[in-house]
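Hi,

Here is the structure I promised to pass on. Have it open while you read, and my notes on what turned up follow right below it.

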Amino acid sequence: MMNNRLVFPDYVFESSWEVCNKVGGIYTVLSTRAKTMQDKIKDKIIFIGPDCWKNESCPFFLEEKDLFCDWNEHAVKEGLNIKIGRWNIPGNPIAILVDFSCFYDKKNELYTYFWEKFNVDSLHAYGDYDEASMFSYAAGLVVESFYNWYLNKSYKVIYHGNEWMTGLGVLYINKVLPEIGTVFTTHATSIGRSIAGNDKPLYDYLFAYNGDQMALELNMQSKHSIEKQTSKFVDCFTTVSEITANECRELLDKSTDVVLPNGFDNSFVPEDNVFETKRKAARKRLLEIANALFGTELGDDTMIVSTSGRYEFRNKGIDVYIEAVNRLLDDNNLGKNVLALIEVPGWVGEPRKDLADRLSSGIKYDTPLEIPEITHWLYDMNNDRVMRMLKSLNIQNRFNDKVRLMFIPCYLTGNDGILDINYYDLVLGNDLCIYPSYYEPWGYTPMESIAFKVPCITTDLAGFGMWVNSEKGAYCEIEDGVKVIHRTDYNYFEVADEIKNTIVKFSNMKDSAIEKCRSNAEKLSQKALWTNFIKYYEKAYDIALRKAECRK
């Protein structure tokens with residue numbers, strides 16, 4: 001028992017496509033929470049992810065061949081090809097990577113099984129559905145094998161799946177090991193994201209949408225089906241914010257049992273003596289690249305703003321960010337030169353050799369490079385949505401512009417060939433971060449921003465934006481460290497103006513006011529640490545374990 005009230009597990013198995021696989025925001029959710037869980041049940045929180053590397057080395061995984069070696073030999077005999085080791089993150093939790101490729105041969109048999117047992121419609125599967133489903137099933141087999149080898153009904157055990165990609169495994173465990181409590185978290189409903197991504201109004205019409213009908217219209221039947229059926233059969237159904245809980249209720253016809261807000265682990269943030277060194281280095285590198293690209297001499301007094309995240313042009317608000325930058329060009333009240341960055345990975349080809357040559361030469365240039373808006377070449381420049389919008393708005397980074405935009409379309413892993421700095425070492429170089437999301441169940445980028453003492457702008461359509469407003473009891477302003485803009489299905493241009501006005505306001509703030517802003521941002525981030533948010537997981541585990549106990 002924990003807190004004399006809640007039943008707490010002896011073991012937690014947690015699966016996700018993003019375990020040791022840095023492809024999206026769920027990687028951040030799990031990797032920052034791991035240390036808190038390790039502190040509670042060291043080495044009894046076990047993460048399960050896909051073996052996407054086969055014979056290559058995974059940069060996020062450290063294999064330990066002597067860990068559970070007796071079970072591993074047994075698992076091989078059962079047809080499981082796994083690697084056991086540790087996730088190379090704070091806390092170094094145990095991770096198991098499973099090769100799921102061998103299960104494709106029995107795909108149709110599996111889909112029939114899950115249709116008959118749980119009414120999961122896999123008939124319309126395409127693309128990543130098959131890949132995710134085979135991984136999900138394999139992850140379920142891993143848990144079953146481990147449990148039967150080491151554990152029994154005297155242990156309190158949780159199996160936690162994240163997103164629809166883990167649904168089949170959760171349902172499998174629910175069927176074959178009913179004594180295990182199951183938790184399922186949707187970080188964003190597949191059909192809600194699709195509605196928003198297809199430029200349909202989501203919020204004003206949410207009450208009127210039928211999830212099954214929209215899945216048919218948008219060719220999302222199978223993903224929607226596994227998500228809906230998993231939410232129905234699981235012991236504890238969860239999501240990450242109230243805004244997505246409402247989405248689940250309307251589109252999945254299932255209310256969530258617990259909302260699990262996403263926290264952060266500030267061990268990612270450098271100590272004070274290192275922080276300033278890294279901040280100066282990041283700013284210096286960004287300005288060097290900008291000056292080489294533009295043929296300018298932007299100094300350290302330049303205001304650096306950015307947006308980042310996945311390349312979801314409308315959902316992440318990349319479009320309205322560009323619109324705001326365009327409007328900023330005509331605002332005479334701007335107090336400083338502005339370097340506006342877009343840091344979203346596109347269909348990147350290679351780093352620009354002409355830019356790399358300028359940077360290595362050490363020469364100051366007074367003429368811009370051709371196409372002075374982008375740091376890396378793309379495979380399809382003409383059809384890239386950012387480049388097309390810049391062209392349509394005639395944003396060209398002219399010599400007399402006080403605002404210049406730079407598109408960095410690569411993953412910031414520290415080896416991109418131009419910046420060669422990882423994202424966390426780069427974000428702290430900003431003065432202001434801007435995330436005007438239209439569809440954002442939580443929003444890790446603004447949370448990371450304030451953890452690194454960078455004030456930010458977000459919207460009340462992001463779970464994080466709703467949370468910071470609830471902390472204040474009113475709409476937050478930039479002086480609070482986070483500016484939350486009201487956003488609807490239809491106020492795109494008003495949002496762009498509000499972003500522009502906030503940038504102008506920030507550019508004219510005195511240094512003392514900016515420092516106060518930065519301090520408030522950091523204080524707010526402290527309230528969102530996992531040590532404060534783990535209590536919601538404890539509640540979810542309690543619900544699931546109590547239901548499982550009734551089945552023993």
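Let's start with the sheet that has nine strands: it is open, its pairing is mixed, and the strand order is β3-β4-β5-β2-β1-β6-β7-β8-β9. At the edges sit β3 (61-63) and β9 (258-259), each of which pairs on one side only. One thing to keep in mind throughout is that this is a predicted model.

Within that sheet, have a look at β6 (residues 157-162) and β7 (residues 181-186), which pair in the parallel sense over five bridges. If you want a spot to zoom in on, I158 stands opposite G181 in β7.

Some helices lie across these strands. Helix α2 (residues 69-77) lies across β4 (81-87) and β5 (94-99), and runs at about 150 degrees to β4. Helix α4 (residues 128-150) lies across β1 (11-15), β2 (45-50), β4, β5 and β6, and its angle to β2 is about 145 degrees.

α4 also packs against another helix. Two packed helices are described by the angle between their axes and the distance between the axes. For α4 and helix α5 (residues 167-176), the axes come within 6 Å and cross at roughly 35 degrees. The crossing of α4 and α5 is right-handed. On the α4 side the residues that meet α5 are S133, S136, Y137, G140, L141, V143 and E144, and their counterparts in α5 are G167, L168, G169, Y172, I173 and V176.

Now to another strand, β11 (residues 338-343). Are its residues buried or exposed? Six of its six residues are buried, so by the under-20% relative accessible area cut-off the strand is mostly covered. In a regular strand the side chains alternate between the two faces of the sheet. In β11, V338, A340 and I342 point one way while L339, L341 and E343 point the other way, and all are buried, E343 included.

Which strands does β11 pair with? Strand β10 (residues 303-308) runs parallel to β11 and is joined to it by six bridges. V305, for instance, has A340 in β11 as its bridge partner. To get from β10 to β11 the chain goes through helix α11 (residues 318-328), and this β-α-β crossover is right-handed. Strand β14 (residues 403-407) is also parallel to β11, with five bridges joining the two. There, V338 has V403 in β14 as its bridge partner.

On to charges. Side chains of opposite charge can pair when their charged atoms come close. How many salt bridges does a search of the whole structure find? The search comes back with 37. Here are some you can click through.

E217 forms a salt bridge with K200, with the closest N and O atoms 3.0 Å apart. The two come from distant parts of the chain, 17 residues apart: E217 is in helix α7 (residues 211-217), and K200 is in the loop between α6 (190-197) and α7. E217 is partly exposed, at 46% relative accessible area, and K200 also counts as partly exposed, at 23%.

D431 and R283 meet through their side chains in another salt bridge, again 3.0 Å from N to O. This one links parts 148 residues apart, with D431 in the loop between α14 (423-427) and β15 (432-434) and R283 in helix α10 (residues 272-294). Both D431 and R283 are buried.

R327 and D497 make a salt bridge through their side chains as well, at 3.0 Å from N to O. R327 lies in helix α11 and D497 in helix α17 (residues 492-507), so this pair ties together parts that are 170 residues apart in sequence. R327 is partly exposed at 25% relative accessibility, and so is D497, with a relative accessible area of 30%. Then there is a network: R279, R283, D300 and D431 are joined into one by salt bridges that share partners.

One last residue to visit is N262, in the loop between β9 and α10. N262 has a relative accessible area of 3%, so it counts as buried. Leaving aside neighbours within four places in sequence, N262 is in contact with V29, V240, W442, Y444, M447, W530 and F533.

Cheers

Methods:
Residues numbered from 1 in each chain as written. Predicted model: local features only at pLDDT ≥ 70, side-chain atom pairs only at ≥ 80, totals over all residues. Heavy atoms only, no water. Buried < 20%, exposed > 50% of the residue type's maximum accessible area, 1.4 Å probe, protein only. Helix = DSSP H or I, 4+ residues; strand = E, 2+ residues; numbered from the N terminus. Pairing = 2+ DSSP bridges. Right-handed = clockwise from strand over helix to strand, strands pointing away. Salt bridge = Lys/Arg side-chain N within 4 Å of Asp/Glu carboxyl O. Contact = heavy atoms within 4.5 Å. Axes fitted to C-alpha atoms, helices over the stretch in contact; angles between N-to-C directions. Left-handed = near helix turned anticlockwise from the far one by under 90°.
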